[in-house]
Amino acid sequence: MITQEEYTYLPLAHPSRKEMERIAEIVNTRYVLLQITDEDIELGPFAPERFYTIAEMTQAGLVYADYREEKEDKFIPHPLIDYQEGSLRNDFDFGKLLFIRTSALKKAIRQATGDYQHAGLYDVRLNISRSYPIVHINEYLYTAKEKDTRSSGQKMFDYVDPRNQEAQKEMEQACTAHLKAIGAYLKPEFLKVDFAEENFPVEASVIIPVRNRVKTIEDAIRSVLHQKTSFAFNLIIIDNHSTDGTSECIQKYANGVQVIHLRPKRTDLGIGGCWDLGVNHPECGKFAIQLDSDDVYSDTSTLQKIVDAFYTQQCGMVIGSYRMTNFQMEEIPPGIIDHKEWTPDNGRNNALRINGLGAPRAFYTPLIRRIHFPNTSYGEDYAVGLRISRDYQIGRIYDVLYLCRRWEDNSDATLSIEQTNRNNLYKDRLRTWELKARILKNKER
């Protein structure tokens, strides 16, 4: 039976550095069990013993476990995912309890990189990960009475809520310090882009992968055709075996010149595979510009602004800003998503911390043809954004270029915990691979 001499159970009042220091000072047990929520927690049978046993077996610095949520008198399993090197998101889901080795906590406090008001716990977690394993127990060790009842589709935008900008800046500072400590930080030194390396039939192509979006595809097409530019452009639609009338809608506009309707022969393509089909089409332009089949450009100048940005900012990729709307295109919270935390000097480092880079996205076509998209339907854009940013500057436009419509048929509107976990695990894996590539890049210099 574990005794109170082995661990101390404490609530975390605030994730500041001072609060973490206070905890480290008052704890004189081998471990501390931190409750990082104000929700009611009920420990399962022998839960502290299980935390302790696994921590001792693995010599972990931090241990966390799956739990159950109590919602409206129902108990819902909440499994978590394993921690890996690329789990750099400050919103990584550890659940509600952290079992921390006190010596690891004290060491992490000594390595703290700033007087954080918001990022104290995040900084401590990153510091612990450099010296100790972080271990996930795939067992339901406690129950939490859930207070945040929003859908996954609402929670996913918390990290870009303007109200959280001060906290996000601190998180970036802590993450950047961690990247420097492990040799993954990249200095603001970029390869130059040669925009004259190939000839193209048009200056720009809008790429729309689509499957079964009969309610929205015409709005998307019209928003492209209404663009006013000083250059020639076309629209390439990859119709991934739609069965709801989407194909017939597209065909009304397709003429093989400005609107090209592609139907893949393959039946195993995700969104990334459809993008590869589009950018490798012989009619694809010098710049490949994204438009999701649910969404529309905000006005008639979007393509012109994006192409201009490639030349003025000398970049291999351009990312704009967008406004969240409902299906009727009325603004909904959090409103404008502009990623103004991005800086030319540190954006590509901070990209390893955040869960997305923004939209709409555009690519210099020869570059994206060499890199390729992973053939997935989630995270494919983030994967290529990370890869491009390893070597090339990413340009930014802070004008709203895009209206992102949220409705019940969005692929990420309401995800199960299992699907959310799969998505997060994959993006953490992308970050892990990119982290290793950047460490290797620095070693080879």
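**Entry 1: F99 and its surroundings**

I started at F99 and looked up what it touches: leaving out residues up to four places away in sequence, I found Y7, Y31, V32, L33, F51, Y52, A55, G61, L62 and V63. I should jot down early that this is a predicted model. Next I asked myself: is F99 buried or exposed? At 1% relative accessibility, F99 counts as buried.

I then checked the rings. The count of aromatic pairs comes to 22. One of them joins Y7 and F99, with 6.3 Å from centre to centre and 50 degrees between the planes, and I filed this pair as tilted. Y7 belongs to strand β1 and F99 to strand β6 (residues 97-101), so their pair ties together parts that are 92 residues apart in sequence. Y7 is buried too, and its relative accessible area is 7%. Which residues do ring pairs link into a cluster? I wrote down Y7, Y31, F51, Y52 and F99.

**Entry 2: a second ring pair**

I moved on to F287 and Y311. Their ring centres are 5.6 Å apart and their planes stand at 90 degrees, so I noted this pair as edge-to-face. F287 sits in strand β11 (residues 287-290) and Y311 in helix α10 (residues 302-313), so here the pair ties together parts that are 24 residues apart in sequence. I looked up accessibility for both partners. F287 is buried at 0%, whereas Y311, at 32%, is partly exposed.

**Entry 3: the core**

How many residues does the largest nonpolar core have? I read off 125, and F99 turned up again, listed with Y64, L105, I208 and F310 as the residues with the most contacts inside this core. I also looked for the element that gives the core its largest share, and it is strand β7 (residues 134-145), with six residues.

**Entry 4: β1, α1 and β2**

Y7 had already taken me to strand β1, so I followed that strand further. β1 (residues 7-11) pairs with β2 in the parallel sense, over five bridges. Within this pairing I found Y9 opposite L33 of β2, and L33 is also among the residues that F99 touches. I then traced the connection: β1, helix α1 (residues 17-26) and β2 make a β-α-β unit, and its hand is right.

**Entry 5: T37, just past β2**

I kept going along the chain into the loop between β2 (31-35) and β3 (41-43), where T37 has its place. Is T37 buried or exposed? I put T37 down as buried, because its relative accessible area of 19% is under the 20% cut-off. Its side chain also has a partner: a polar contact of 2.6 Å joins T37 to the side chain of E39.

**Entry 6: D244**

My last stop was D244, in the loop between β9 (233-239) and α8 (246-251). I noted D244 as partly exposed, with a relative accessibility of 31%. What does the side chain of D244 make a polar contact with? I found the side chain of T246, at 2.7 Å. Not counting residues up to four places away in sequence, D244 touches N212, R213 and V214. I also took the distance from D244 to I134: the two are 110 residues apart in sequence, and their C-alpha atoms are 47 Å apart in space.

Technical notes: Residues are numbered from 1 along each chain as its sequence is written. This is a predicted model: local features need pLDDT of at least 70, side-chain atom pairs count only at pLDDT 80 or more; totals for chains, interfaces and linings use all residues. Side-chain values use heavy atoms; hydrogens and water are left out. Helices (H or I, at least four residues) and strands (E, at least two) are DSSP runs, numbered from the N terminus. Buried means under 20% relative accessible area, exposed over 50%, partly exposed in between (1.4 Å probe, protein chains only). A polar contact is a pair of N or O atoms within 3.5 Å; within protein, one must be able to donate a hydrogen and the other to accept it, and residues adjacent in sequence count only if both atoms are side-chain atoms. Two strands pair if DSSP finds at least two bridges between them. A crossover is right-handed if, with the strands pointing away from the viewer, the path from the first strand over the helix to the second runs clockwise. A nonpolar core is a set of buried Ala, Val, Leu, Ile, Met, Phe, Trp, Tyr and Cys residues joined through side-chain atoms within 4.5 Å. Contact means heavy atoms within 4.5 Å. Rings of Phe, Tyr and Trp (its six-membered ring) pair if their centres lie within 6.5 Å; planes under 30 degrees apart count as stacked, over 60 as edge-to-face and the rest as tilted.
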